[in-house]
Every structure is written in C-alpha cells, then in structure tokens.
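The following exercises ask the reader to work through burial, contacts and charge pairing in a protein chain. Each task is followed by a solution in steps.

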Amino acid sequence: MSAEPTAPKRTFAQRVLGENPTAWAFVLPAVVIIVGLSIVPIGWSLILSFNAADLISPSQWVGLSNYDALLKDSALKDAILHTIVYTVLFVPLTTGLGLFLAMALNRKIRLIGFYRTAFLAPFIAAVAAQGVLFSFIFDERFGVANAVLDALGLPRQGFLGDPDQALFVIVLIGIWGGIGFPLVIYLAALQDVPRELIDAASVDGARRWATLWHVILPQLLPVTIFLVVWQTLLSLQLFDLVYATTRGGPLDATVVIVYYVYNQAFELFHAGYAAAVAYIVAVFLILLVGAQLIYNRVRARHA
C-alpha cells in the first residue's frame with residue numbers, strides 16, 4: 001500500500017499571515033486607519049481618564065479620583081437627567097410613528113413614491129443642518145413659529161430660549177429628523193410579513209386592530225427590538241443637535257451627556273475627567289448592544 005502524500009510544511013510567514021501573505025498589502029492601509037483612528041484613541045483616553053490633564057500641560061496621575069468625582073458632580077447628574085428625558089420621549093415616539101407611517105405608506109396608491117420620499121427627506125439631511133434650520137424657525141423674536149402664533153392670536157413662546165421648553169423643542173426637532181430610519185426599516189420588514197397570515201386572519205373574521213396586534217406586530221418584534229436599541233444608542237449620543245441650537249443653554253437646560261463631555265474637555269479643559277465620563281457612557285452602550293446580541297442568540301436557538 002502506497003503512503004499517503006503529506007501536506008507541505010507551512011512556513012512561519014504562512015502560519016502568521018495565512019496562505020496568501022501578499023493579501024495583507026491590500027488591507028494594510030485600512031488596518032492602519034482603523035488602529036490609528038479607533039484603537040489608539042480608545043487606549044489613550046483610558047489612560048487619560050486616570051490623569052488630571054488639560055491637553056496643554058503635562059498630565060498628572062490621579063488614579064480613580066476622576067471616577068470618584070463622578071458621584072459628586074451635580075452638573076453631571078443634570079446632564080444624565082436631560083439625556084434620560086430625551087431618550088424616554090425620542091425612542092418610543094420615533095419608533096411608534098415610524099411604524100404608523102410605514103403601514104400608511106405600505107400601500108399601492110397614487111404618488112406613493114413621492115410620499116415616501118417626502119417622509120425620508122429629513123432623515124437624509126444632516127443633524128447639524130436641521131439644528132440650524134429650526135434655530136431660525138423657533139427664534140424667540142423673529143422665528144416663523146412665533147409669527148404663526150401671532151397670526152392665530154396666541155401668546156408668543158420662548159421655545160429654545162426658555163429653560164422650561166428648550167429640551168422639549170429639541171426632542172421635537174429630533175423626532176422630525178429621526179423618524180426616517182424606523183420608517184425605512186419597518187417599511188422593509190412589512191414586505192416580509194407573510195401575506196397568507198393576514199389573509200387567514202381576515203377569513204377568520206379578525207378585525208384590522210386584531211390583525212395588527214396578533215399577526216403583524218409579532219412578526220415585527222425582532223425589528224422593533226433592534227430599532228429600540230438603535231434609537232436608544234442615538235439618543236444617548238446626542239450632541240450635534242444641541243451644539244447647533246442651544247449650546248447647552250439656556251441655563252444649562254439642554255446639556256446632555258455627550259455635550260457635557262465636550263464642554264469639560266474642550267471648553268473647561270478638564271480632559272481627564274471628561275475621559276472618565278466618556279468611558280462610563282461607553283461601557284453602558286456596550287452593555288446595551290451586548291444585551292441585544294444575547295437576545296438575538298436566545299431567540300435564534302428557540303427558533
């Protein structure tokens with residue numbers, strides 16, 4: 001019996017770089033960019049969070065002092081509260097309105113392409129551009145909103161200049177620009193709902209709301225969970241809209257977590273403390289994404 005041919009011995013370069021080491025020449029530029037713009041800043045900011053630094057003079061090691069200061073910072077607690085209020089309003093409203101509009105646009109009616117484009121247009125516009133636009137609309141003295149109120153004989157409002165209204169106005173602007181993504185996802189998901197299930201419910205005498213509750217919504221549950229997590233991530237990272245409209249004002253009424261980090265690092269030059277706050281936020285976001293991944297795996301196993 002002839003001996004089976006043995007596989008050629010792999011060189012050290014092949015063991016480390018794979019069967020085609022030259023392929024690394026094509027991916028190396030992307031690797032350098034990812035490492036330079038992502039991994040290195042993450043590691044550097046982690047080290048910075050254990051230092052007292054102002055980004056100008058040499059930093060000084062302070063250990064966990066920055067993290068201890070988090071518990072005593074009342075301004076940070078206010079920023080967290082503002083972020084929670086924004087998230088609690090933004091996430092369910094954008095998700096719910098996105099589903100409602102997706103169901104309304106999931107029909108074969110005249111000019112449906114125009115209607116879909118009209119609702120998606122705000123989603124395409126940059127958030128900073130939305131902020132600038134609505135800054136003019138809600139301007140306390142010369143804005144269109146107060147001009148409309150004057151025409152209707154209603155009292156003028158402070159809007160972005162009123163500490164009691166500014167955060168809710170930002171929520172309104174965020175909903176206007178953030179409803180497009182849930183709309184697109186729900187519109188695509190509705191195309192995959194088996195038509196025979198809806199027809200079977202109709203034959204059984206189910207009304208429209210019963211069909212929605214017992215047939216359509218269960219089919220959209222994975223998409224809904226994804227959208228809730230995604231919209232939550234967006235709301236917790238809110239910055240550009242606040243920066244373009246109020247800069248955290250009036251009277252710090254619209255300071256959210258990410259803007260607070262920016263203010264501490266680049267306006268007050270408390271870079272070490274800002275890095276500590278940013279890392280706490282990052283850990284929470286990672287846990288949120290991890291929870292969604294665990295849910296997807298558990299659901300896949302049961303399926």
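A residue counts as buried under 20% relative accessible area, as exposed over 50%, and as partly exposed in between. The model is predicted.

**Exercise 1.** Determine whether L28 is buried, partly exposed or exposed, and state which surface feature includes L28.

*Solution.* Step 1: L28 is found in helix α2, which spans residues 24-48. Step 2: the relative accessible area of L28 is 47%, so the residue is classed as partly exposed. Step 3: L28 belongs to a nonpolar surface patch, whose members also include W24, F26 and V40. Together, the residues of this patch have about 940 Å² of accessible area.

**Exercise 2.** Identify the residue with which D150 forms a salt bridge, and classify the accessibility of D150.

*Solution.* Step 1: the structure holds one salt bridge. Step 2: the partner of D150 is R156, and their closest N and O atoms are 2.3 Å apart. A salt bridge requires a side-chain nitrogen of Lys or Arg within 4 Å of a carboxyl oxygen of Asp or Glu. Step 3: D150 has 38% relative accessibility and is therefore partly exposed. R156, with a relative accessible area of 39%, is partly exposed.

**Exercise 3.** Describe the largest nonpolar core and state which element gives the most residues to this core.

*Solution.* Step 1: the largest nonpolar core has 38 residues, and Y86, F138, I170, L238, Y260 and V277 have the most contacts inside it. Step 2: the elements giving two or more residues to this core include α4 (74-105), α8 (166-178) and α15 (271-302). Step 3: α15 gives the most, with seven residues. Step 4: another core, of 20 residues, lies apart from this one, and L183, L187, A189 and L227 are among its members.

**Exercise 4.** Classify the burial of L70 and give the separation of the C-alpha atoms of L70 and V277.

*Solution.* Step 1: L70 lies in helix α3. Step 2: its relative accessibility is 12%, so L70 counts as buried. Step 3: L70 and V277 are 207 residues apart along the chain, yet their C-alpha atoms are separated by 7.3 Å. Step 4: with neighbours within four places in sequence left aside, L70 is in contact with L76, Y273, A276, V277 and I280.

**Exercise 5.** Establish whether Q292 is buried or exposed, and list its contacts beyond four places in sequence.

*Solution.* Step 1: Q292 is found in helix α15. Step 2: the relative accessible area of Q292 is 14%, so this residue is buried. Step 3: beyond four places in sequence, Q292 is in contact with F226 and V229.

Technical notes: Residues numbered from 1 in each chain as written. Predicted model: local features only at pLDDT ≥ 70, side-chain atom pairs only at ≥ 80, totals over all residues. Heavy atoms only, no water. Patch = residues over 30% accessible without salt bridge, like charges linked within 9 Å, V, L, I, M, F, W, Y side chains within 5 Å. Areas by Shrake-Rupley, 256 points an atom, 1.4 Å probe, with all protein chains shown as cover. Helix = DSSP H or I, 4+ residues; strand = E, 2+ residues; numbered from the N terminus. Buried < 20%, exposed > 50% of the residue type's maximum accessible area, 1.4 Å probe, protein only. Core = buried A, V, L, I, M, F, W, Y, C linked by side-chain atoms within 4.5 Å. Contact = heavy atoms within 4.5 Å.
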